[in-house]
Amino acid sequence: MKKKYQVMLVLALFLLGASSFVQTFNLAKSIARGKEVYTANCQNCHMVDGKGLTGAFPPLAKSEYLAKPAGELIAYVLKGQTGEIKVNGTVYNAVMPALDYLTDEQIADIYNYVRNSWGNKSAVAITPVMVAKKRTELTN
Ligand code: HEC
């Protein structure tokens, strides 16, 4: 009997340890956090509905740019974006400053929010690890 409890205890501790290893990135929570970070850091230009301002600030809502690889999207925030670009048929030639003071988690959260709002949909999460990797790439 005593031995049985010992086995159960060991098993319980093992499961507890294992679960912290397999803990996956929670996309729903990231999206919820991202809404706040977006509001504070991107909304001034890209607007509350993500539609931007035609000719001045390009849209994020249904932007064809959001289909780009995650690394490129992350780089817009880390490096900023200037020069002529065409988004959904409209030409923009303005300045987006680098917002590299944002943390890896904040940038991941913002994009998970953006990629799942205003008609955008992506079940594949951008994670802080991906942002950290890009940050290292850009500084090297
Ligand atoms: C000061 C205004 C400003 C802020 C703040 C800003 N952007 Fe931008 N963003 C722009 C402008 C202007 C462009 C286009 C630049 C150009 O003409 O080359 C742009 C382009 C982009 C693009 C590529 C084109 C598109 O519309 O899909 C993405 C993606 C983007 N911004 C994401 C973000 C995110 C995410 C944030 C917040 C972390 C952010 N921006 C904050 C002004 C801003």
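**Figure 1. The whole chain has six helices and four strands.** Welcome to this predicted model. Starting from the N terminus, the elements follow the order α-α-α-α-β-β-β-β-α-α. Along the principal axes, the C-alpha atoms fill a box of roughly 75 × 35 × 25 Å. The radius of gyration of the chain is 20 Å, whereas a compact globule of 140 residues would have one near 14 Å. Of the 140 residues, 21% count as buried. If you look at contacts between residues at least 6 apart in sequence, 61% of them join residues at least 24 apart.

**Figure 2. Here we turn to the surroundings of the ligand, with 28 residues around it.** The closest of these residues are C42, C45, P58, Y65 and M96. Several elements each supply at least two residues of the shell. The helices that do so are α3 (43–46), α4 (70–79) and α5 (104–114). The strands that do so are β1 (81–82), β2 (85–87) and β4 (95–96). As for chemistry, the shell holds 20 nonpolar residues and eight polar ones, with no charged residue.

**Figure 3. Helix α4 has buried residues along one face.** The residues to find here are L73, I74 and V77, which are buried in α4. Viewed down the axis of the helix, the buried residues of α4 fall within an arc of 95°, and so they line one face. Their packing partners are α5 and α6 (128–139). Helix α4 also takes part in the shell around the ligand, supplying at least two of its residues, as does its packing partner α5.

**Figure 4. G80 follows helix α4.** This small view picks up where the helix leaves off. G80 has a positive phi, near 80°. Strand β1 spans residues 81–82, and β1, like α4, supplies at least two residues of the shell around the ligand.

**Figure 5. Q6 sits in helix α1, which covers residues 2–22.** Is Q6 buried or exposed? Count the other C-beta atoms within 10 Å of Q6 and you get 10; a residue with 12 or fewer counts as exposed, so Q6 is exposed. To see how far this part of the chain lies from another, compare Q6 with D49. These two residues are 43 apart along the chain, and their C-alpha atoms are separated by 57 Å.

Terms used. Residues numbered from 1 in each chain as written. Predicted model: local features only at pLDDT ≥ 70, side-chain atom pairs only at ≥ 80, totals over all residues. Near = placed C-beta within 6 Å. Nonpolar A, V, L, I, M, F, W, Y, C, P; charged D, E, K, R; others polar. Rg over C-alpha atoms; globule rule 2.2 N^0.38 Å. Buried ≥ 20, exposed ≤ 12 C-beta atoms within 10 Å, placed from the backbone. Contact = placed C-beta atoms within 7 Å. Arc of directions from axis to C-beta.
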